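Q: I have a protein model open and I'd like to learn how to read it. Can we go through it together?

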Amino acid sequence: MSKRGYPASKKLLTGLIGAPIAHSASPAMHERAAEALGLRGHYQLIEVAGAGAAGLAMMLEGVRRLGFAGVNVTFPYKEAVVPLLDELAPAAAAMAAVNTVVVRNSRLIGHNTDTTGFARAVAPLLAASGNAVAVIGTGGVGKAIAFALASLKVADLRIFDSEPARAERLATLLTGHGGARVAPSVEDALDGATGLVNGTPVGMLPNRDTPVPASLLRENLWVADAVYSPLITPLLAAARAKGAKIMTGRELAIYQAADAFELFTGLAPSTEVMGEAFDEVMAARSSAYHAA
């Protein structure tokens with residue numbers, strides 16, 4: 001039994017709210033991690049497109065009442081759920097974005113494991129490069145990435161968004177957390193940068209676009225993408241062709257899931273087990289794609 005009371009005989013009910021999410025590897029990762037710990041886990045995909053505040057509130061009320069230990073939240077609802085929760089962990093409150101909601105004593109508590117997960121994933125790249133990083137996109141995951149980089153003491157953080165007001169809001173939130181400069185263009189954000197992170201959904205299947213023109217990529221720039229479907233996005237393919245070091249969305253997906261699982265259960269899951277489950281999902285998807 002975990003310290004939060006999950007005996008092996010009880011089903012651990014968790015899930016994911018977002019759209020589109022049919023591609024998600026989260027069910028496989030969470031259910032395999034639960035099995036390895038002797039729990040009976042079920043991870044439910046809750047795909048509802050275009051939900052407003054009332055619709056989200058109804059879904060969250062169901063999570064509260066139907067026995068969920070908690071749910072993850074993904075695009076496009078990471079910011080929209082914030083005012084609908086009973087409480088926010090300090091880090092989630094600081095960035096006004098949530099990707100994990102834990103049910104505790106019938107209260108909905110928001111956390112952000114995208115931040116902790118990305119910090120774990122990107123640390124090796126930062127250790128081997130300079131300290132100037134551009135983040136493209138300042139929505140829910142972009143916020144988490146920027147806060148993760150700030151927590152790792154990135155001295156020169158540049159943020160760009162196609163909606164400048166949104167980037168300005170993030171820069172304000174980062175005041176007191178290391179700060180960031182709002183770049184007026186992608187070109188400006190990348191000028192002199194040693195690292196680049198895509199925090200937008202651009203490049204997620206079926207989209208095949210890239211948030212950064214290939215002409216701006218270069219060998220002495222590491223490039224990371226939060227998107228993992230496909231694993232090698234058009235951005236990463238172009239960066240690799242230039243000789244740049246790349247980081248797929250695999251590590252972020254695994255580490256954020258592991259941190260969320262521990263919040264749900266009080267038990268630390270095996271990231272190796274979660275990684276194997278993730279890889280199996282991606283391999284099956286690749287086989288299906290090539291067979292089509």
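What follows is a chat about salt bridges, a helix and two domains.

Q: What kind of model is this, and which atoms do the side-chain values use?
A: This is a predicted model, where local features need pLDDT of at least 70, side-chain atom pairs count only at pLDDT 80 or more, and totals for chains, interfaces and linings use all residues. Side-chain values use heavy atoms, leaving out hydrogens and water, and residues are numbered from 1 along each chain as its sequence is written.

Q: Let's start with salt bridges. How many does a search of the whole structure find?
A: The general idea is that a side-chain nitrogen of Lys or Arg sits within 4 Å of a carboxyl oxygen of Asp or Glu. Here, the search of the whole structure turns up 13 salt bridges. One of them pairs Glu280 with Arg32, at 2.8 Å from N to O.

Q: Why does the pair of Glu280 and Arg32 tie together parts that are far along the sequence from each other?
A: Look at where each partner lives. Glu280 is in helix α10 (residues 271-291) and Arg32 is in helix α1 (residues 26-36), so the pair ties together parts that are 248 residues apart in sequence. By the way, helices (H or I, at least four residues) and strands (E, at least two) are DSSP runs, numbered from the N terminus.

Q: What else is Arg32 in contact with, leaving aside its neighbours within four places in sequence?
A: Contact means heavy atoms within 4.5 Å. With those neighbours set aside, Arg32 touches Val273, Ala277 and Glu280. Glu163, on the other hand, is 131 residues from Arg32 in sequence and 39 Å from Arg32 in space, C-alpha to C-alpha.

Q: Are Glu280 and Arg32 buried or exposed, or something in between?
A: You judge that by relative accessible area: buried is under 20%, exposed is over 50%, and partly exposed is in between (1.4 Å probe, protein chains only). Glu280 has 45% relative accessibility, so it counts as partly exposed. Arg32 is partly exposed too, with 27%.

Q: Which salt bridge has buried partners?
A: Try Lys78 and Asp114, whose closest N and O atoms are 2.6 Å apart. Lys78 is in the loop between β3 (70-73) and β4 (87-88), while Asp114 is in helix α4 (residues 113-127), 36 residues apart. Lys78 counts as buried at 10% relative accessibility, and Asp114 counts as buried at 5%.

Q: How is it for the salt bridge of Arg158 and Asp156: which partner is buried and which is partly exposed?
A: Arg158 is the buried one, with a relative accessible area of 5%, whereas Asp156 is partly exposed at 27%. Their side chains meet at 3.0 Å, N to O. Salt bridges can also share partners: Glu61, Arg64, Arg65 and Asp86 are joined into one network that way.

Q: Now a helix. Which residues of α6 are buried, and where around the axis are they?
A: An α-helix has 3.6 residues a turn, so residues three or four places apart point the same way. In helix α6 (residues 164-174), the buried ones are Ala167, Leu170, Ala171 and Leu174. They cover an arc of only 105 degrees around the axis, so they are on the same side of α6. That arc is taken from the directions from the helix axis to the C-beta atoms.

Q: What covers the buried residues of α6, and what comes just after the helix?
A: The cover includes α5 (140-151), β8 (156-160) and β9 (181-182). Just after α6 comes Gly176, with a positive phi of about 90 degrees.

Q: Where is Thr138, and what does it contact?
A: Thr138 is in the loop between β7 (132-136) and α5. Its relative accessible area is 0%, so Thr138 is buried. Leaving aside neighbours within four places in sequence, its contacts include Ala167 and Leu170.

Q: Last one: how do domain 1 and domain 2 meet?
A: Domain bounds come from an automatic or database domain assignment, which here gives domain 1 (11-111) and domain 2 (116-250). Their centres, taken over C-alpha atoms, are 25 Å apart. At the meeting place, 11 residues of domain 1 are in contact with 13 residues of domain 2. The count of salt bridges between the two domains is 1.
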